[in-house]
Amino acid sequence: MAADRQARGADGQAKGAVQPAGRSARERLSPVELRAWRGFLWTHLTVIRQLDAELQDKHQLSLTSYEVLLYLYQAPGRRLRMSELADSVLLSLSGVTRLVDRLTRAGLVVREPCLDDRRGFFAVLTDEGRIRSREPARTHLACIRAHFLSAYDDADVQTMAELWTRIPLGLGRPGHPAAWDPATGRPPRRSP
C-alpha cells in the first residue's frame, strides 16, 4: 500500500499513467471494468499455474522453459536475440539470461554472439531442444484447451484473438507475439 501511495503524485494519479479518453484518473473503475480486469488476472494466474504444473509433472519442464523452446522453434532460423526472447516470454533480460543458461547446460539451447552488436547474443535452439520442445506440445495444447478455450465458443475465441492485438499494437509493439500474423502464427514480415 505504501509503495502504491509513493507511486502516485499529489493528485493521487499514478505517475506516468495514461488516462483513458473521457475518464478522470481519479475515477474508480466501473463494476464491469473491475470485473473484466480481475477476471483477466484470475484467469491468467489460474491457467498459467495449471499449465506449469502439468508440464512439470509430465515432462519435468517449466512453462517458461517450454515457452522459450517454443518461441525459438517458431522463430526464423530457430534463433532470437536475447532481448526479443525476453519480450516474448515476459521476463527481464537478466531473467531470460539465467533461464537460457539453464537450457544451455541441458543442451537444449546455445548462445551465439551477434555479429552486428558485440554486446548482443542470440539464443539458438539445438537439435535436442527442437526434439524436446515437441515432447510436451500435446500436454500443453490439451491443457490450454481444457482449462481456457473450452469455456468459449469459436466466435469468442476469434474476438479475443483480435482484442489481444490492440495492446501491443497500441504500445507500438507490432512484433510482439500477441500481434503475430494469425494465419501463420509467426511474427509479421519486416519491411525491407
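The protein exposes about 13600 Å², and carbon and sulfur atoms supply 55% of that area. This is the surface of a predicted model, and the tour below moves through it one selection at a time.

**The whole chain**

Begin with everything displayed. Of the 192 residues of the protein, 27% count as buried. The protein has nine helices and three strands, and along the sequence these follow the pattern α-α-α-β-α-α-β-β-α-α-α-α. Among contacts between residues at least 6 apart in sequence, 45% join residues at least 24 apart.

Next, colour the model by confidence. The average pLDDT of the protein is 82, and 77% of the residues score at least 70. Select residues 1-18: here pLDDT stays under 50, and the model has eleven contacts beyond four places in sequence for this stretch. Where pLDDT is low, the predicted coordinates should not be read in detail.

**Helix H2**

Select residues 31-59, which form helix H2. Does the distance between its ends match or contradict the span expected for its 29 residues? At 1.5 Å a residue, the helix should span 42 Å; the C-alpha atoms at its ends are 41 Å apart, and the two values therefore agree.

Now show the side chains of Val 47, Leu 51, Glu 54, Leu 55 and His 59, the buried residues of H2. They pack against helix H3 (63-74), helix H6 (127-134) and helix H7 (137-147).

**From H2 to H3**

Step on to Gln 60, which follows H2 and lies in the loop between H2 and H3. Its phi is positive, about 50 degrees, although Gln 60 is not a glycine. Most residues other than glycine have a negative phi. Is Gln 60 buried or exposed? Its relative accessibility is 56%, so Gln 60 counts as exposed, the cut-off for that class being over 50%.

In helix H3, select Leu 70. Leu 70 has a relative accessibility of 25% and therefore counts as partly exposed. Add Ala 137 to the selection: Leu 70 and Ala 137 are 67 residues apart in sequence, yet their C-alpha atoms are 8.9 Å apart in space.

**Pro 136, between H6 and H7**

Move to Pro 136, in the loop between H6 and H7. Pro 136 has a relative accessible area of 0% and is therefore buried, since buried means under 20%. What is Pro 136 in contact with, leaving aside its neighbours within four places in sequence? The residues to display are Leu 55, His 59, Leu 61 and Tyr 66. Of these, His 59 is also one of the buried residues of H2. The C-alpha atoms of Pro 136 and His 59 are separated by 6.3 Å, although the two residues are 77 apart along the chain.

**The sheet**

On the way to the sheet, pause at Arg 78, in the loop between H3 and S1. Arg 78 is another residue other than glycine with a positive phi, near 55 degrees. With a relative accessible area of 29%, Arg 78 is partly exposed.

Then select the strands S1 (79-81), S2 (residues 109-114) and S3 (residues 117-125). Strands of a sheet pair through backbone hydrogen bonds, either parallel or antiparallel. In this protein the three strands form an open sheet in the order S1-S3-S2, with antiparallel pairing. Why is one side of S1 and of S2 left without a neighbour in the sheet? Both strands stand at the edges and each has a single partner strand, so one side of each remains unpaired within the sheet. Neighbouring strands of this sheet are turned by 30 degrees against each other on average, direction ignored.

Look at each pairing in turn. S1 and S3 pair over three bridges; to see one of them, select Arg 79 and its bridge partner in S3, Val 124. S2 and S3 are joined by six bridges and form a hairpin with two residues between them. In this pairing, Cys 114 stands opposite Asp 117.

**Helices on the sheet**

Finally, keep the sheet displayed and add two helices. Helix H4 (residues 82-89) packs on the sheet and touches S1, S2 and S3; its direction makes about 95 degrees with that of S1. Helix H5 (residues 93-105) lies across S2 and S3, running at about 125 degrees to S2.

How values were computed. Residues numbered from 1 in each chain as written. Predicted model: local features only at pLDDT ≥ 70, side-chain atom pairs only at ≥ 80, totals over all residues. Heavy atoms only, no water. pLDDT = per-residue confidence, 0-100. Contact = heavy atoms within 4.5 Å. Pairing = 2+ DSSP bridges. Helix = DSSP H or I, 4+ residues; strand = E, 2+ residues; numbered from the N terminus. Axes fitted to C-alpha atoms, helices over the stretch in contact; angles between N-to-C directions. Buried < 20%, exposed > 50% of the residue type's maximum accessible area, 1.4 Å probe, protein only. Areas by Shrake-Rupley, 256 points an atom, 1.4 Å probe, with all protein chains shown as cover. Expected span 1.5 Å × (residues − 1).
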